[in-house]
Amino acid sequence: MITDREGYKHFAIQRFDRNIENPNERIHLHSFAGLMGLDFNDPNHDYDYLLRTTRAITKNAAQVEQQFRRMVFNLLASVRDDHAKGFSGHPYNTANSSMLAML
């Protein structure tokens, strides 16, 4: 929480698409929709496709498990804003890449 001059509190979080050492430098990301050529407005993209895509891109069981955990959280928490544009990852570092950053 950040308190401004008038005493109002604001929630702030570090952006995942910025370089920590140089906040003006953006980290290039691809959304799930952009990577797969999907219309993010189409509500028919399912978690199965997202999970299979995560496995194919990352080849990392821990990241597939983390993606699954986020999907379960979204279901249990009734998150309704989990569209195909809300999942993104760094496309050029597949050893550390994931589709896990959520907006």
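**Salt bridges.** I began with the salt bridges of this predicted model, and my count came to 2. The one I looked up before the other joins the side chains of arginine 52 and aspartate 48, with a distance of 3.0 Å from N to O. I then checked where these two residues sit, and found both of them in helix H2, which covers residues 47–58, at a spacing of 4 residues, or about one turn of the helix. For arginine 52 I noted a relative accessibility of 39%, and because exposed requires over 50% and buried under 20%, arginine 52 counts as partly exposed. Aspartate 48, at a relative accessible area of 45%, is partly exposed as well.

The other entry under this heading is the salt bridge of arginine 69 with glutamate 65, where I noted 2.9 Å between the closest N and O atoms. This pair lies in helix H3, residues 61–76, and because arginine 69 and glutamate 65 are 4 residues apart there, about one helical turn separates them. Glutamate 65 has a relative accessibility of 42%, so I entered glutamate 65 as partly exposed.

**Chain and elements.** I next set down the order of the elements, which from the N terminus on reads β-β-β-α-α-α-β-β, in keeping with 3 helices and 5 strands in the chain. The chain has 103 residues, and I recorded 24% of them as buried.

**Surface patch.** Which residues form a nonpolar patch on the surface? I found Met1, Phe11 and Ile13, which together have about 440 Å² of accessible area. I followed up phenylalanine 11, which I located in the loop that runs between strand S2 (9–10) and strand S3 (30–31). Is phenylalanine 11 buried or exposed? Its relative accessibility is 67%, and since the cut-off for exposed is over 50%, phenylalanine 11 counts as exposed.

**Largest pocket.** My last entry concerns the largest pocket, for which I noted about 200 Å³ of space. The lining of this pocket is made up of 13 residues, and those closest to the centre are Pro43, His45, Asp82, His83 and Ala84. How do the residues of the lining divide into nonpolar, polar and charged? I wrote down 7 nonpolar, 3 polar and 3 charged residues for the lining of the largest pocket.

Notes: Residues are numbered from 1 along each chain as its sequence is written. This is a predicted model: local features need pLDDT of at least 70, side-chain atom pairs count only at pLDDT 80 or more; totals for chains, interfaces and linings use all residues. Side-chain values use heavy atoms; hydrogens and water are left out. Patches are made of residues with over 30% relative accessible area and no salt bridge: like charges are joined within 9 Å, nonpolar side chains (Val, Leu, Ile, Met, Phe, Trp, Tyr) within 5 Å. Accessible areas come from the Shrake-Rupley method with a 1.4 Å probe; for residues, only the protein chains shown count as cover. A salt bridge is a side-chain nitrogen of Lys or Arg within 4 Å of a carboxyl oxygen of Asp or Glu. Buried means under 20% relative accessible area, exposed over 50%, partly exposed in between (1.4 Å probe, protein chains only). On a 1 Å grid over the protein atoms alone, a cavity is a set of points where a 1.4 Å probe fits but cannot get out, and a pocket is an open set with protein on both sides within 12 Å along at least five of seven lines; lining residues have an atom within 4 Å of a point. Grid points are joined across faces, edges and corners, and a volume is the space filled by probe spheres set on the points. Ala, Val, Leu, Ile, Met, Phe, Trp, Tyr, Cys and Pro count as nonpolar, Asp, Glu, Lys and Arg as charged, and the others, Gly among them, as polar.
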